[in-house]
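These are my notebook entries on one protein model, kept in the order in which I looked things up. I begin with the chain as a whole and then turn to single elements and residues.

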Amino acid sequence: MLFMLMRQVKKDGRLPARKRTVLAAILFIPAFIIFILVFQVITAWRANIQLQKERAELNTFVGSVYLPLVNSQNAILAEKRRMQALLKKVENLGFEHPNHEQLINQVIQKWMLGLQEYQQAYKDTDREIRRAWISYNTMDQQDVLGKFAKQAVRLDLKNKKAEKKYQSTIYSIQDDLIKSLDSARKMLDANRRPPKSKKQKLKNQLIRQNIMPFNDAVEAKLVDFLGTIDKRLMDEVGKLQHLIRYSGQQIILVRNHLQNNPDLVAPLTITINSWLALEDESRKKLNQILYAIEAEYIALSLDLPRRNPAIKAMHKSFLKDIPYITGKALKQKRNINQSYNISPRQKR
């Protein structure tokens, strides 16, 4: 196509020979790059087809000798693909949820190490399978089959042992997620039912003190997630969010009145401080709720089954704690709105 284009330019005769040469050089570079890219794609496609063909032949060979070995190898491959997709999905999870970043990084590291060891079992077995297959095609087939039949059983047992070890890693990860859920739940429950244990009180206090503010996007995502659990809970959190905004508006309103009425500094300052206290306390309670919601969101994102008892326990706490917290805040708002007192009659 490049040749035809240059031929047409030359035929038109509008460009001098030197400029035609420069133009050809300029057009040649991208054409050459495109050619290389297309060639690489075709080469990779052919290599992939060849690899799939060889893999099918290997599976047929092993399946004719000992089918469970094919199944255990395929199980490792399937888990590898599943985990790669999951790891890609959660690669930015720690950045988005800094309150649980340490837990997320810990889980991902355990996953990667466990998966690496599990995959090594596949690689070791695959190497022995390929060796047997090549020997089968180049040596005494009956002799190879007889020896490989015994070896295949041992290789399958090795895979099963690796799978058991990998499963222990998964259980360890789930334990970490459950502990995180339980800690967040107990912290939230303490709003309604303070713990008697001094140790638990200190744990709750430590969590509250270290909760970092949630940005608007994460807060909205977590509230939406809560709505998938129970729409009523989402509405309760919405009331608390509205109360925080309302308190801020009231503070501004009363401060404006104070500027125009400096002689009312004493009563208006009390009112401002009351709204400030409500706004601050409501924000802290909202952050505690969001932290607990996030603990469940993270646990599910990191593959903890929804049927896990820790998830069910968290839902029960949500149903009790969130309406209680919101109701208490609304009562405080009502008390502020009804806190006006008639000034005592001054003596003459």
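**Entry 1. Overall make-up.** I recorded first that the model is a predicted one. I found that buried residues make up 36% of the 348 residues in the protein. I counted secondary structure next: there are 11 helices and 0 strands. Read along the sequence, the pattern is α-α-α-α-α-α-α-α-α-α-α. I then looked up the contacts with a sequence separation of 6 or more, and 78% of them are accounted for by residues 24 or more positions apart. For the surface I noted an exposed area of about 23100 Å², of which carbon and sulfur atoms supply 57%.

**Entry 2. The largest pocket.** I asked how much space lies in the largest pocket. The value is about 610 Å³. I listed the lining, which comprises 21 residues; Leu103, Ser180, Ser183, Ile207 and Tyr291 lie nearest the centre of the pocket. Which helix gives the most to this lining? I found that helix 6 does, with 6 residues. Helix 5 (101-138), helix 6 and helix 7 each supply at least two lining residues.

**Entry 3. Aspartate 176.** I stayed with helix 6, in which aspartate 176 is found. Is aspartate 176 buried or exposed? I entered it as buried, because its relative accessibility is 13% and the cut-off for buried is under 20%. Its side chain makes a polar contact of 2.8 Å with the side chain of lysine 110. Setting aside residues up to four places away in sequence, I noted that aspartate 176 touches Leu103, Gln106 and Lys110.

**Entry 4. Asparagine 191.** I moved on to the loop between helix 6 (141-189) and helix 7 (198-209), where asparagine 191 lies. Although placed in a loop, asparagine 191 is buried, with a relative accessible area of 12%. What does asparagine 191 contact beyond its neighbours within four places in sequence? I listed Lys285, Gln288, Tyr324 and Ile325. With glutamine 288 there is a side-chain to side-chain polar contact of 2.8 Å. Isoleucine 325 is 134 residues away along the chain, yet its C-alpha atom is separated from that of asparagine 191 by 7.2 Å.

**Entry 5. Helix 8.** I checked the length of helix 8 (residues 216-229). Its 14 residues reach 20 Å from first C-alpha to last, close to the 20 Å expected at 1.5 Å a residue. At its start, a side-chain oxygen of asparagine 215 comes to within 3.1 Å of the backbone nitrogen of alanine 217. I listed the buried residues of helix 8 as Val218, Glu219, Leu222, Val223, Phe225, Leu226 and Gly227. I then asked which helices these residues pack against. They pack against helix 4 (93-96), helix 9 (231-260), helix 10 and helix 11.

**Entry 6. Helix 10 and aspartate 303.** I applied the length check to helix 10. Its 37 residues should span 54 Å at 1.5 Å a residue, and the end C-alpha atoms are 52 Å apart, which agrees. Helix 10 is followed by aspartate 303, in the loop between helix 10 (265-301) and helix 11 (309-337). I looked up phi for aspartate 303 and found a positive value near 80 degrees, in a residue other than glycine. Aspartate 303 has a relative accessibility of 31%, so I entered it as partly exposed.

Terms used. Residues numbered from 1 in each chain as written. Predicted model: local features only at pLDDT ≥ 70, side-chain atom pairs only at ≥ 80, totals over all residues. Heavy atoms only, no water. Helix = DSSP H or I, 4+ residues; strand = E, 2+ residues; numbered from the N terminus. Buried < 20%, exposed > 50% of the residue type's maximum accessible area, 1.4 Å probe, protein only. Contact = heavy atoms within 4.5 Å. Areas by Shrake-Rupley, 256 points an atom, 1.4 Å probe, with all protein chains shown as cover. Polar contact = N/O pair within 3.5 Å; in protein donor to acceptor, adjacent residues only side chain to side chain. Expected span 1.5 Å × (residues − 1). 1 Å grid on protein atoms, 1.4 Å probe; cavity = no way out; pocket = protein on both sides within 12 Å on 5 of 7 lines; lining within 4 Å. Points joined across faces, edges and corners; volume = space filled by probe spheres on them.
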